[in-house]
Amino acid sequence: MSNQLIENKEKYKDKEGKSFPIKSIDIGTRHRHDMGDMQSLMESIRHRGMINPVTINPNGLLLCGQRRLIAAKKIGLTHVPVRVMEVTSLDHRLELEKDENMLRKELTPTEVVALCKDLERVERYHDSSIERPYANSQAKIRISDPVVTKVARALGKNKRTLERAIEVVEAAEREPDKYGHLPEKMDRRGSINKAHNELQFRKLEEKIKQSPPVMKGGSYGTILIDPPWPYGNSPQHEGTGQLPYPSMAVEEILKFPVSKYAAQDCVVCLWVTNAHLKYGFIAVNRWGFEYRTMLTWVKNTMGTGVWLRGQTEHLLIASQGNPLINVTNETTVMHAPTRSHSEKPKEAYKLLEKIFPGPRIELFARKSRNGWTTHGTMELQKDNSGTTLELNAVETVSEVQS
């Protein structure tokens, strides 16, 4: 121990547990920026006093009690009780940081990342094999695996989760225009995984936009299907009624080769009427997809019906492989007005574009849409004998990129 440290320790030791002037305490560089609910803490100190003293080192540097110290200053106190502690190692410092923040107010994800960077600089500064510029707090630095492991263990964090938080912060620093909003959203929601999923989703979208457009083949991440279900309330009504386009028999729809358009990791979204709901479940299973959930479109007008008048349609959502999904707080109900016959709401397309990966294709599409490949528009016709043509015999392809 240096003579200066011994002298300072002797100077402060008689202040242990006693009132100490706030102006003599050096706050130093702190990792906490979000102070949380200060009003409650201020009221507690005002009415009960400072139950736990702040902790300083022999040099008067604040180790623990930043929020308590700030609260005391805000209510007009000039002195606070202190505890003097000598910090002998990096691990000791981490333990103090953990106890100070985890047991009172947990560090936000970005604050934990800032802590990792600071500790990385400290370790590199003391590593003689590394040049000193790395100790500059403004220099960009890659957080090493040992530091991530040490911080995760000290703060009781999952290491992989902490690595994801670091990815989010570093992406925001590299490309603030694209990802600058993610760290704030990560802190506000308190969810590292959601922010990381959004980052991966946006990166994938960017990669797709920079790739040449895909015209055909099994490369689509999202497949939207709006088949021409037979008119009527059951398969027995097939071919009856008047539609502006030919319908297909249920068995034809079940045999449709959806898999030829699907990427290895893919989401399929199938529109079904109430009358054909059970066949929708059969279809996605027949196509090799696993049912996940269902979105119900509640219309502003009623249609026909046998038992009840229809005012809803359903979008069955299924998947194969492990597609990247941008999890949001959307629900399974969508209220939107009806449009022209069989035309689906714009809100549905916006929802799919927000949540599910590209490239995207719509089969049996009624019209083209930016960012989608559309196959089988209203040019679907019957031949002279009245037989429904196969989709791939008359398909029209619209490759419109956003």
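Select strand 5 (residues 220–225) together with strand 10 (residues 360–363), and you will see two strands that pair in the parallel sense over four bridges. Keep in mind throughout the tour that this is a predicted model. Within this pair, look for Leu224, which stands opposite Glu362 in strand 10.

Now keep strand 5 selected and add strand 6 (residues 262–272), which runs parallel to strand 5 and is joined to it by five bridges. Leu224 serves as a landmark here as well, since the residue that stands opposite it in strand 6 is Cys269. Is strand 5 mostly covered or mostly uncovered? Strand 5 is mostly covered, and six of its six residues are buried.

**The nonpolar cores**

Next, select Ile223, Ile225, Leu270 and Trp287, which touch the most other members among the 26 residues of the largest nonpolar core. To display the surroundings, add strand 5, helix 11 (250–254), strand 6, helix 12 (277–286), strand 8 (312–320) and strand 10, the elements that give two or more residues to this core. Strand 6 provides the largest share, with five residues. As a general background, nonpolar side chains in soluble globular proteins tend to be buried together.

Centre the view on Leu270 and ask which residues it is in contact with, once its neighbours within four places in sequence are left aside. They are Ile225, Pro227, Trp229, Gly280, Ala283, Val284, Trp287, His314, Leu315 and Leu316. Afterwards, select Ile143, Val168, Ile192 and Leu199, which are included in a second, separate core of 24 residues.

**The open sheet**

Move now to an open sheet of four strands, whose order is 1-4-2-3 and whose pairing is mixed. Strand 1 (19–21) and strand 3 (62–64) stand at the edges, and because each has a single partner strand, one side of each is left without a neighbour in the sheet. If you follow the sheet from one strand to the next, the twist averages 60°.

Select strand 2 (residues 54–56) with strand 3, and you will find that they run antiparallel and are joined by two bridges. Here Ile56 stands opposite Leu62 in strand 3. Add helix 3 (residues 66–74), which packs on the sheet and touches strand 2, strand 3 and strand 4 (79–84), with a direction that makes about 115° with that of strand 3.

**Two helices and a glycine on either side**

Leave helix 3 on screen and add helix 2 (residues 38–48), which packs with helix 3 at an angle of about 70°, the two axes being 9 Å apart. Helix 2 and helix 3 are therefore roughly perpendicular to each other. Show the side chains of Met38, Leu41, Met42 and Ile45 in helix 2, which meet Arg67, Arg68, Ile70, Ala71, Ala72 and Lys74 in helix 3. The residues of this contact divide into seven nonpolar, no polar and three charged.

Which residues of helix 3 are buried? They are Gln66, Arg67, Arg68, Leu69, Ala71 and Ala72. Just after helix 3, stop at Gly76, which takes a positive phi of about 95°.

For the last selection, go to Gly36, which lies in the loop between strand 1 and helix 2. Gly36 is partly exposed, because its relative accessible area of 35% falls in the range between buried, under 20%, and exposed, over 50%. Draw a line from the C-alpha of Gly36 to that of Arg67, and you will join two residues that are 31 residues apart in sequence and 8.8 Å apart in space.

Technical notes
Residues numbered from 1 in each chain as written. Predicted model: local features only at pLDDT ≥ 70, side-chain atom pairs only at ≥ 80, totals over all residues. Heavy atoms only, no water. Pairing = 2+ DSSP bridges. Axes fitted to C-alpha atoms, helices over the stretch in contact; angles between N-to-C directions. Contact = heavy atoms within 4.5 Å. Buried < 20%, exposed > 50% of the residue type's maximum accessible area, 1.4 Å probe, protein only. Parallel < 35°, antiparallel > 145°, perpendicular 65-115°, else oblique. Nonpolar A, V, L, I, M, F, W, Y, C, P; charged D, E, K, R; others polar. Core = buried A, V, L, I, M, F, W, Y, C linked by side-chain atoms within 4.5 Å.
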